[in-house]
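Thanks for making the time this morning. I would like to take you through one structure, beginning with the whole chain and then turning to a ligand site and a few backbone details.

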Amino acid sequence: MAAQILPGLERKLKAELTGDVMFDRFSRGRYATDASHYQMMPLGVVTPRTVAEAERALALAREEGVSVLPRGGGTSQAGQTVNESLVIDCSKHLTQIYELDIGERRCAVEPGIVLDDLNRKLKPYGLWFPVDVSTASRATIGGMTANNSCGGRSLRYGTMRDNVLSIDAVMADGTRAHFGPVAAGLSNLPPGSPLRPLARSLLDIGLREADEIEAHFPKVQRRVGGYNLDAFAPNAPQHNLAHILLGSEGTLAFSTRIELKLSALLGKRAVGACHFGSFYEAMNAAQHLVKLKPIAVELVDRTMLQLAGEIAMFRPTLKAFVHGEPEAILLVEFDEGEVENKRRLKELAAMMGDLGFSFHKSGAKWGGIVEVYDANLQAAIADLRTSGLNIMMSMKEEGKPISFVEDCAVPLINLAEYTARLSEVFEKHGTRGTWYAHASVGCLHVRPVLNLRQEKDVKAMRAIAEEAFAMVRAYKGSHSGEHGDGIVRSEFHEFMFGKRLVAAFEEVKDRFDPKGLLNPGKIVRAPKFDDRSKFRYAPDYAAGELQAALDWSPYPGAGGGFQGAVEMCNNNGACRKTTGGVMCPSYRVTQNERDVTRGRANALRLALTGQLGPDALTSDEMAETMQLCVSCKGCRRECPTGVDMARMKIEVLAARAAKHGLSLRDKLIGWMPRYAPYAAMLPWAFNARDKYPRLRQLSERFAGLSARRTLPQWRKDVFRDERDDSHSLPQQKGVHARLGREIRGRGGEGEEPARDALHALAARETTHGAEREVVLLADTFNRYFERENLDAALAVLEAAGYTVHIAKPTDGSKRPLCCGRTFLAVGKVDEARREAERVIAAVAPFVNRGVPVIGLEPSCILGFRDEVPAMVKSEGAGQLALHALMFEEFLVREAALGRFKPPLKPVAARALVHGHCHQKAFGMFGAVERILRLVPGLKVETVESSCCGMAGAFGYGTETIDVSLAMGELSLLPAVRKADADTLIVADGTSCRHQIHDGAGRDALHVARVLAMSLRA
Ligand SMILES: Cc1cc2nc3c(=O)[nH]c(=O)nc-3n(C[C@H](O)[C@H](O)[C@H](O)COP(=O)(O)OP(=O)(O)OC[C@H]3O[C@@H](n4cnc5c(N)ncnc54)[C@H](O)[C@@H]3O)c2cc1C
Ligand code: SF4
Ligand code: SF4
């Protein structure tokens, strides 16, 4: 049953809080899921600006008898962060460091601070908080504390419980309390302290249940299930009240200040990659390898290695550290200083020998170690491991790897037998899983593939869980060694801990929260873990009728697969990172769940399945959800499951355009290629808007074009197509034609591998001089506003000896070609298709002969590889997708083949380069850097930037200009401002150059211009 909105509570919260108070259906929907397979619609959501506001929200909820769910990054995997409660999201504002004591190596923080952000701030002091969870880029200290999280190096640093010194928290009745160490006889808790009776009862329970605790609490290091009653047993090393809150999943108190123990930064490490010829032997060896006191032992199995091997960028890494064909590799990491590291690796090698492994043997005893000292290679190996996992997670089918027995922990001595037996259980139930992660602490991750929309798979899930937990209990392990209880594990507490201890857990809950106001139904009194009414895919989950505008056929579900593509979001929250890469620029500015890829995907999923009311897809709320998505495609590349929100936004725009038509601004943007030839005839008239402030204001008022922005300037001397060429070129049956046919014949290959293959064959077979022709595609923006870029590209290509054909329309019209991007930006997919088809027809005679089609504008040329094949299903579209190349991408290829060797001369000492989001999304930004490095004496530096913020029409909108400028200010504009006047600023995107001009007052150059300058110099 969905929770009912309480208008009184909403009103009071809005009156008293300055942070967001959201009770609308979209906002609630966005907070209805975490990274588990559950969904519970919350009552409302608040993002308090201060701890005091959070306390006020708790008080108002209490007055209304409403329960509260504290929330951080929402990345929990066991369903602890879903409930029909008022959600208090700490991650937006409660992110301060209260105090930092470097000498004492401790700090105190607000609960919403993200681990990576904290560690970035600690780094200059040589310190870090060492509970290095994989979700460090978005997991908050509050969430980590409440989950008693643990990182890959827990062998050395332990769990959160070992690293949290004290917690200030607000209890269910509003009492504020400091949970810290208690002295003998409670002497540090004065008689009036509210904690005194609480501490007394915890110690009493600990004493009373000492035997039960001894008998039933697993002795493994990774035990995060239940309440930590062992911390209050008489034999506990110290009694710290904070330990009862560690792992309590928001059910006992709301943390407001968490005091952390810090550690010295890791030094230079050494990794021994221990190879094994059998998975069982690898698991069996773990118990011995840990005796050498490594800081981590992480597993990569054969499936992971194979998956990584399918990705071109990982092949060099595999080559560098994988020897032969191992069934499993254990990555044993040491951090003891250079000399000692070397000694430990030698010991490790000796130990492997003593255990009977040798690269000279075969079968199960084949094995040995590969030493890795190079920090870059170590990082690349870590990268490879996560990416292999990501590929597994990105299965497009309805069945997905499900997390429910994923973090059981068993004593190392039983690890081999446990993994073997659990694999048999999977097999018995018709599924399988890939093993990875923390061999050092007996907590291996594994997710069997199941389709939770089907009753039979839900039954299999229960059967697997029961069999797995029975095994774990027999081994005296822990059913949760990392991810906590939530809904997944709580039901099984009686089985794992026994009736008496579960009754004691309930006693603890009642002592803290007698009215069940804090995250009820977790840890105690939980629902059945297979209660399908609480699933994301509940029994009545279904999408309505849906006509998608683009092709989504690789995915299952309604709208030709659109539904399946949307459902790829598993809520892992990687899109909430705030540095590195591109994803997600809008979230980086607003920190709103609405403005992150995950929030958008959730809104779409709920809308498609009718959970947000009728017509939700075309509603204003959906438009707002998509409004700040700049279609940068950052998520297409960086989301672990490949959620491509830029493409999904086109669907929303198309549905909305079909229902409501277009605004004046959308018409001006969309139809630009159609009216551009006229604007070029009367540039003064079209440019008048920028000249006269009054016109600017009118354009803001009537067309929604911000008066604060200049528009691109129209000109008469636009780039013209009239050159030699044509389609009457001899239809020579060259090597490219054959290569094209060969590639086309390779059914099932993806677009990128096919292009790689095309390049490789071209390299092998093309004879010098024979095939040196290219097609240059002049895009609308460069043609009308910056023809200098096209002129420069022409000059460079011709100087390097290429015959350049300019792509011209073949439909008899005089209007130049356009990729259709502007139409896509406003949801006019049919018009975009028409434009794309004109280009496809125009270049067909060339691409059929294998002639590359080169462009300068990333969003245009890369659209031919991405959106165009999704809207035009023809052989020509496929061919163009294979042959469309960015200018620099083509030149890098040619340079590698020794065919691009122009006489370049020095032009400047330094170039500061900003990559267009689409260049980054397609992994080709490196080409810009590589080609610039051909210019003698030029030091090429890259701005670590996300999206520039201009993003086509986004930067011009009255309602989006502020976010647009804020995106630019994240890193790009400050970096450009810092650059001296002699530094070349390089940016291939028209919009990026515009933003740099408006925001930093510098004229950025397309890479083609730099090369042309270098040629002329
Ligand atoms: C891909 C992936 C990898 C993961 N890897 C790891 C890993 O390596 N190690 C690991 O331990 N976990 C891992 N997890 C699980 C999860 O990321 C961690 O448990 C993380 O610490 C949760 O942080 P969060 O901010 O997202 O918490 P949330 O999910 O938002 O909240 C977690 C719990 O904390 C409670 N809570 C939040 N704030 C407060 C507060 N102020 N007061 C009281 N209670 C509060 C919530 O109510 C909830 O019960 C992984 C998850 C995913 C999806
Ligand atoms: S959009 Fe991708 S990165 Fe973001 S939560 Fe969903 S799956 Fe994770
Ligand atoms: S396309 Fe860019 S802005 Fe839009 S959701 Fe993806 S990462 Fe965010």
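Buried residues account for 62% of the 1017 residues in the protein chain, and please keep in mind throughout that what you are looking at is a predicted model. As for secondary structure, the protein chain contains 44 helices and 26 strands. The radius of gyration of the chain comes to 30 Å, which is close to the 31 Å that the globule rule gives for 1017 residues, so the chain is as compact as a globular protein of that length. If you prefer to think in terms of a box, the C-alpha atoms fill one of roughly 95 × 75 × 55 Å, taken along the principal axes. When we take the contacts between residues at least 6 apart in sequence, 74% of them join residues at least 24 apart.

Let me now move to the ligand site. Which residues come nearest to ligand 2? There are 13 residues around this ligand, and the nearest of them are Cys569, Asn572, Gly573, Cys575 and Cys639. Sorted by character, the shell around ligand 2 consists of 6 nonpolar residues, 6 polar ones and 1 that is charged. The space that ligand 2 takes up is the largest cavity.

I will finish with the backbone, where some background is useful: most peptide bonds are trans, and most residues other than glycine have a negative phi. Against that background, the peptide bond running from Met583 to Cys584 is cis, with omega near -10°, and Cys584 itself lies in the loop between α19, residues 562-566, and α20, residues 585-590.

Two further residues deserve a careful look for their phi angles. Asp615, although it is not a glycine, has a positive phi of about 55°, and Asp615 is found in the loop between α21 (597-608) and α22 (620-627). Lys633, which is not a glycine either, has a positive phi of about 65°, and its place is the loop between α22 and α23, the latter spanning 634-638.

Are these two residues buried or exposed? For Asp615 the relative accessible area is 52%, and since exposed means over 50%, Asp615 counts as exposed. For Lys633 the relative accessible area is 2%, and with buried meaning under 20%, Lys633 counts as buried. So, when you go back to the model, you will find a positive phi at exposed Asp615 and also at buried Lys633.

Key:
Residues numbered from 1 in each chain as written. Chains lettered and ligands numbered in written order. Predicted model: local features only at pLDDT ≥ 70, side-chain atom pairs only at ≥ 80, totals over all residues. Heavy atoms only, no water. Near = heavy atom within 4 Å. 1 Å grid on protein atoms, 1.4 Å probe; cavity = no way out; pocket = protein on both sides within 12 Å on 5 of 7 lines; lining within 4 Å. Sits in = over half its atoms within 2 Å of the grid points. Nonpolar A, V, L, I, M, F, W, Y, C, P; charged D, E, K, R; others polar. Helix = DSSP H or I, 4+ residues; strand = E, 2+ residues; numbered from the N terminus. Rg over C-alpha atoms; globule rule 2.2 N^0.38 Å. Buried < 20%, exposed > 50% of the residue type's maximum accessible area, 1.4 Å probe, protein only. Contact = heavy atoms within 4.5 Å.
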